[in-house]
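Colleague: I would like to go through this model with you term by term. Let us begin with the pockets.

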Amino acid sequence: MKNTRYPNVVEFEVTGAYGLFSDPVMRMGGEKCSYQIPTYEALKGILASVYWKPTIIWYIDEVRIMNQIQTEVKGIRPIKYNGGNDLAYYTYLKNCRYQVRAHFEWNENRPELMADRNENKHHQIARKMIRKGGRRDIFLGTRECQGYVEPCVFGEGAGAYDDVAEVSFGVMYHGLTYADEAYSEETAGKMTARFWCPVMKNGVIQFLRPEECTMQKLLRTMEIKPFGNELENFTGLKEFGEAT
């Protein structure tokens with residue numbers, strides 16, 4: 001399944017014993033229940049842990065579900081906000097394995113980083129970081145679900161749902177649009193939640209781009225975090241030079 005649309009595509013496989021891509025609705029009573037499939041935002045977060053720069057925005061194109069969807073319920077004792085512990089039941093996905101295809105585009109909301117727009121550089125670094133397993137720890141939805149990434153060829157190998165024509169998962173959370181990734185006047189200066197209705201065809205789910213999600217909800221106003229402000233961004237370089 002060769003990519004022909006984007007020149008800077010990356011392909012990788014992410015695995016983990018457990019995953020928890022929680023439905024926001026299930027958090028109201030302290031319980032957490034995972035979606036049956038990973039969300040766009042979770043996969044984007046995994047890729048950001050592998051390699052992230054404010055110059056680029058990662059777009060998840062598609063995910064392939066390799067293992068059978070299974071769940072496991074665990075009794076958890078989370079910490080209460082007012083101290084002590086509580087008892088809750090979390091529903092995890094287990095034996096997770098996904099093939100992911102993604103690409104990056106320039107972040108047009110950061111013209112001050114235009115000098116860093118070297119496509120070949122970012123593409124090669126991202127591919128190297130995938131080979132190395134990422135720059136930061138990988139999590140499948142939540143911190144207690146450790147994950148691992150490695151390169152793959154999207155579409156290779158047998159998947160559990162290759163012969164299943166179509167499965168619909170209903171309305172699901174897609175992701176968040178932050179102010180520095182705004183793509184329209186409606187999303188500028190705001191944090192917006194997106195929702196969509198994913199459909200898996202022969203084990204593959206093709207994601208909508210953020211601007212293609214028609215179900216959106218404004219969460220709050222938000223400002224773009226500046227880069228390069230000496231008062232807000234400590235680099236250590238200037239301070240070290242002054243000290244010596």
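Modeller: Start with helix α1, which gives the most to the lining of the largest pocket: six residues. This is a predicted model, where local features need pLDDT of at least 70, side-chain atom pairs count only at pLDDT 80 or more, and totals for chains, interfaces and linings use all residues. Residues are numbered from 1 along each chain as its sequence is written, and side-chain values use heavy atoms, with hydrogens and water left out.

Colleague: What makes α1 a helix and β9 a strand?

Modeller: DSSP runs do: H or I over at least four residues for a helix, E over at least two for a strand, numbered from the N terminus. Helix α1 covers residues 40–50. Strand β9 covers 172–177. Both therefore satisfy the rule.

Colleague: Why is the largest pocket called a pocket and not a cavity?

Modeller: On a 1 Å grid over the protein atoms alone, a cavity is a set of points where a 1.4 Å probe fits but cannot get out; a pocket is an open set with protein on both sides within 12 Å along at least five of seven lines. The largest pocket has a volume of about 880 Å³. That volume is the space filled by probe spheres set on the grid points, which are joined across faces, edges and corners.

Colleague: What makes a residue part of the lining?

Modeller: An atom within 4 Å of a point. The largest pocket has 35 lining residues, and E41, K44, G45, L176 and Y178 lie nearest its centre. At least two residues each come from α1, β3 (56–65) and β9.

Colleague: How do the lining residues of the largest pocket divide by class?

Modeller: Into 17 nonpolar, seven polar and eleven charged. Ala, Val, Leu, Ile, Met, Phe, Trp, Tyr, Cys and Pro count as nonpolar; Asp, Glu, Lys and Arg as charged; the others, Gly among them, as polar. So K44 counts as charged and G45 as polar.

Colleague: How many cavities are there?

Modeller: One of 30 Å³ or more. The largest cavity holds about 70 Å³ of space. Its lining includes Q36, I65, L93, C96 and Y98. Strand β5 (residues 88–106) supplies the largest share, six residues. By class, that lining has five nonpolar, five polar and two charged residues.

Colleague: How do you know that β5 pairs with β1?

Modeller: Two strands pair if DSSP finds at least two bridges between them. Strand β1 (residues 10–19) and β5 have nine, in the antiparallel sense, so they pair. G16 stands opposite C96 in β5.

Colleague: And why do β2 and β5 count as paired?

Modeller: Two bridges join β2 (residues 32–33) to β5, running parallel, so the rule of at least two is met. C33 stands opposite T91 in β5. Strand β3 has nine bridges to β5, antiparallel, with R64 partnered by Q99. Strand β4 (residues 71–76) has six, also antiparallel, and T71 has L93 as its partner.

Colleague: What makes β9 and β13 edge strands?

Modeller: The open sheet has the order β9-β10-β13, with antiparallel pairing. Strands β9 and β13 (215–221) each pair on one side only. The twist averages 20° from one strand to the next.

Colleague: How do you know that α1 packs on that sheet?

Modeller: Helix α1 touches β9 and β10, where contact means heavy atoms within 4.5 Å. The direction of α1 makes about 50° with that of β9. Axes are lines fitted to C-alpha atoms, for helices over the stretch in contact, and angles run from 0 to 180 degrees between N-to-C directions.

Colleague: Where is pLDDT under 50?

Modeller: Over residues 230–244, which have seven contacts beyond four places in sequence. pLDDT is the predictor's confidence in each residue, from 0 to 100. The chain mean is 87, and 88% of residues reach 70 or more.
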